[in-house]
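Here is a friendly walk through the places where the chains of this assembly meet. Keep the structure open as you read.

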Amino acid sequence: MDELITMTAAELSAAMAAGEVSAADVTEAHLDRIAAVDDQVKAFLHVAANDARARAREVDARRKAGEPLAPLAGVPVAVKDLFTTVGMPTTCGSKILEGWRPPYESTITQRLRNAGAILIGKTNMDEFAMGSSTENSGYGPSHNPWDLAKVPGGSSGGSAAAVAAHMAPLALGTDTGGSIRQPAAVCGIVGTKPTYGGSSRYGVVAFASSLDTPGPLGRTVLDTALLHEVMSGHDPMDSTSIDAPVPPVVEAARHGDVAGLRIGVVSEFAGDGYQPGVMARFTEAVELLESLGAKVTEISCPHFKYALPAYYLIAPSEASSNLARFDGMRYGLRTGSGSAEEVMAATRETGFGAEVKRRIMLGTYALSSGYYDAYYGKAQQVRTLIIQDFDAAFGQVDVLVSPATPTTAFPIGERADDPMAMYLADLCTIPTDLAGNAAISVPCGLADEDGLPAGLQVMAPPLADDRLYRVAAAVEAAFNERWGHPLLAEARGLSAR
Amino acid sequence: MSITRDEVAHLARLSRLALSDEELDHLAPQLDQIISAVAQVQEVAAEGIPPTSHATGLTNVFRDDEPTPCLTPEEALSGAPEVELQRFKVPRILAEEP
Amino acid sequence: MTVTYEEALQKYEPVFGLETHVELGTTTKMFCGCPTTFGAEPNSHVCPVCLGLPGSLPVTNRVAIEYTIKIGLALNCSIASWCRFARKNYFYPDMPKNFQISQYDEPLCVDGYLDVLVGGKTVRVGIERVHLEEDTGKSLHIGGATGRIQGADYSLVDYNRAGIPLVEIVTRPVPGTGYLAPEVARAYVTELRDLLRSLGVSDVRMEEGSLRADVNTSLSPRGSDVLGTRTETKNVNSLRSVERAVRSEVSRQAEVLGSGGRVIQETRHFHEDTGVTTSGRSKEEAQDYRYFPEPDLVPVAPPRDWVASIAASLPELPSARRARLMSAWSLSELEFEALRNAGALGVVEATVAAGASPADARKWWLGELARRANDMGIEVSALPITPADVARISELVAAGSLNDRLARQVIEGVLDEEGTPDEVVAARGLAVVSDDSALLSAIDEAIAANPDVVARIRDGKVQAAGVLVGAVMKATRGKADAARVRELIMDRLS
């Protein structure tokens, strides 16, 4: 592989700042990589080649003119197709928005543009962020670069695959039930769900409004922190946006250290359904943390076992309402004939996939008069109990850890029409989405059974995002030393060209 | 059984989804299975536990009553399937406004 | 056989309720910074938020909250210490998100009242709640005969209005008004409108849709407390229509019940031209809106000191104003109601402030001007004559330069926009002839032309002088002071 596509974002940034390489060359190298392997990975729905080249030239010109530039200037970033981007289509992985070009830009992609980052393209995803494999995409699934017959996880599967396949050093995703951390884990990269409200949702097409959290993916902890910092911070266009300084994540990523840190292993995240190879790597990671000076205890969070059912009530309920606007009247697909009512129903029938339809109906059910209290209402109470479990846990430890997801990447097609089996991929990640605190997945090795990556999940209290990076950086450094190379170097799924 | 095929058909109508019979045959049992599973939340003892609708604890987020730039009509209508007289043209509406 | 209103009242007690929607006069919309000004070209006052584009998010307009609290306080409500917005979910093309951000079980203001004066008595109309929501877009229905939805081929939607803040004010059912139910309903809307105008929160024009009233009506059997099935009547676009809608629904429901039928819970449409309601949509299968707390907005918890400062900024409330004016102008309740019903309180107050006596101001506004406004189908305050004009005319009459008849001609001239009262007087030459000598020749002529009348007067029947006065008034084309003419005649004949 071309050196430019193996360098980290931090390294590329330093190289460009030192004048060793141009933004144009960096962008071209990544566009070449996309052309070489994306027909196998299918990570991208849209490659913004011309726009990327133009922006890269602009960055080079500004640097030449002596302008001070932000760290990510000239660094390519892949964007999950859930963010509205002017000049590029935004499909949300759905046929109902095929070809839609939004007339406005999301806050986060605008911040990246302002920082000079190169938005290299829009990545594939489960339709409207509903899924854990990208198999729910209206445009076909993406493939895991480690093994093309396996899923890259979801819903930010395209973003994770793009980073893992070196098509971009950084990517934007969103996490509602685990949709950044689970794909990051099964693709062997780093992914963070920031504290809810820490990154703006303006321009992020809503799936479950009270859970959706935009976040960064990268090959290293530092890279992920760099993106985390640029994309985060208060936005007056988002009422749920937290008005507080962004936690010092980059600083923490540069100084990984767990000495004296109290770490809690969540006892509920083990047992049936957890792949032995994944548990083995997780156990080793915990032992590693101990060897680095952390104090490890077991913590029980008794209501976590209700997190999955609560999530699959709250998220579909909000989604059923959020997706009502897609009716063929103002934008997107319009099909069918007859009255407005008939056209709406025909459009939604044609434009939405099966999982989206399931969740819309589930949400409609849970919110219906007569069912609200027993379903949606009860789920909101469970949410309170989960928050209380976290509060109690964080009263005793500084971070919690678990596997990021119970299994490694499963085969494409294995769970595609088995919703309940698919939902299990989110077992470990959902509680943090319900509580709104922060969590990261960092690679912790390959499972023996299949040689596929497993991720260690670290969870921190709200607004303690930096703590995640401090732990993850320590883990990453120690593992890299033990392995002798970054985990990704072992990925053999792609035919080298 | 938590939910019948007829009830699922009703949900589809409420959600403006014109499901075919085949789809209904396929989705109804899946929905039944999912509803049974999520009903697990009812096992939780939650007397006196307040529901959480917002995790951040924020209140009183307002904006000033000051104008900001609008979209142009062209931008607003840019995705519209059909336009007439600078308005969104939609098929005949059957029901009166609720 | 149709049942008359009177017949209906013999057997039944009308109960009514009102839901009014008020478009707030904020500069920008409820959840975005688009302007709210009326009359812009279609889809030019829209943005991703009020268009409900994917990814857009609402942010609450602080002034809209302030105005709603103001309304709640003026209606004697309690202001919630913590409340949320909720989504009201239903599909309709004029709603860009297919849900409306509204409030459900946590309205901003609850449990108030508005005292309304009708028939000399005060009726306390309970206010159940005051809450905030966003308005919808507007549709043109093309192809049908009437421009309404029925029979249209397609519709054209303009979202300029979508997102404008709407306050919904809901009364409790109002029983016990008996025969006066329609008047009380109308009086409530009138008082409410005046109140909202005095608060400066809306221009409350029913004709323009910034004040919309839905009227709920039901009948209880006489002597019973049991509430009947109620219907909701929409398309009530004027104060007069409020009254007519109640009256017509009472008669209709009485007829249905009288013939052994049952009143269907439904929405009905009021027809301005016929004064009756027709069936719209059945509310039997009540729509399930699947309300849940709006996750994109955080709760509103108005700090008590903010509420207190809003309370301190309230202008004089109608009840206080009523007490003050009744005292200052020595009015009975009925006299006050007449002014209120004519929508003339404001203009009369202004006319008095401009120097006229309360009696004169009332006389002109409730008399000649109210008649004119009625004929033109507008409010008295919309007439092209100002309180200052009326005060001037009143002054001229008091000074003897005009008599009543001439004053009416001056009013006509001002309404026809010929100018100010003085300009009209000059242009039309309407001054009272105050020069006795000019009158004397007309008087002598009248005396000469009516010898038998003169005889009767000399006989002691002084009332007969009216004939001579009339003749002189005719001869001078009304420009004489009748009282002075009579004096001069009696002088002449003595």
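The report below takes two interfaces of chain A in turn, with a sheet of chain C in between. Please bear in mind that this is a predicted model.

**The two interfaces in figures**

| Interface | Buried area | Share on carbon and sulfur atoms |
|---|---|---|
| Chain A and chain C | about 2600 Å² | 60% |
| Chain B and chain A | about 4800 Å² | 67% |

**Chain A with chain C**

Here 37 residues of chain A are in contact with 31 residues of chain C. On the chain A side, the greatest losses of area to chain C fall on Ser239(A), Arg325(A) and Arg330(A), which together make up 24% of what that side buries. The interface has 1 salt bridge, in which the side chains of Arg201(A) and Asp296(C) meet with N and O 2.9 Å apart. Polar contacts add up to 18 residue pairs, with both residues at pLDDT 80 or more. Three helices of chain A, α11 (307-322), α12 (340-351) and α13 (354-367), give two or more residues each to this side, and α11(A) provides the largest share with 4 residues. By class, the chain A side is made of 18 nonpolar, 12 polar and 7 charged residues.

**The sheet that α11(A) crosses**

What does α11(A) lie across in chain C? The helix lies across β4, β5 and β15 of chain C, and runs at about 60° to β4(C). These strands form an open sheet of 3 strands in the order β5-β4-β15, with antiparallel pairing. Because β5 (99-102) and β15 (292-293) of chain C stand at the edges with a single partner strand each, one side of each has no neighbour in the sheet. Strand β4(C), residues 86-89, is joined to β5(C) by 4 bridges; one residue to look for is Ala86(C), whose bridge partner in β5(C) is Ser102(C).

**Chain B with chain A**

Now turn to the other interface, where 55 residues of chain B and 58 residues of chain A take part in the contact. In chain B, Arg16(B), Val41(B) and Thr52(B) lose the most area to chain A, together 12% of what that side buries. There are 2 salt bridges between these chains; Glu23(B) forms one with Lys357(A), with the closest N and O atoms 2.5 Å apart. Residue pairs in polar contact number 21, again with both residues at pLDDT 80 or more. At least two residues of the chain B side come from each of α1 (5-14), α2 (21-38) and β3 (87-91) of chain B. The largest share, 10 residues, belongs to α2(B). Sorted by class, the chain B side has 34 nonpolar, 13 polar and 8 charged residues.

Methods
Residues numbered from 1 in each chain as written. Chains lettered and ligands numbered in written order. Predicted model: local features only at pLDDT ≥ 70, side-chain atom pairs only at ≥ 80, totals over all residues. Heavy atoms only, no water. Contact = heavy atoms within 4.5 Å. Buried area = accessible area lost by both parts, 1.4 Å probe. Salt bridge = Lys/Arg side-chain N within 4 Å of Asp/Glu carboxyl O. Polar contact = N/O pair within 3.5 Å; in protein donor to acceptor, adjacent residues only side chain to side chain. Nonpolar A, V, L, I, M, F, W, Y, C, P; charged D, E, K, R; others polar. Pairing = 2+ DSSP bridges. Axes fitted to C-alpha atoms, helices over the stretch in contact; angles between N-to-C directions.
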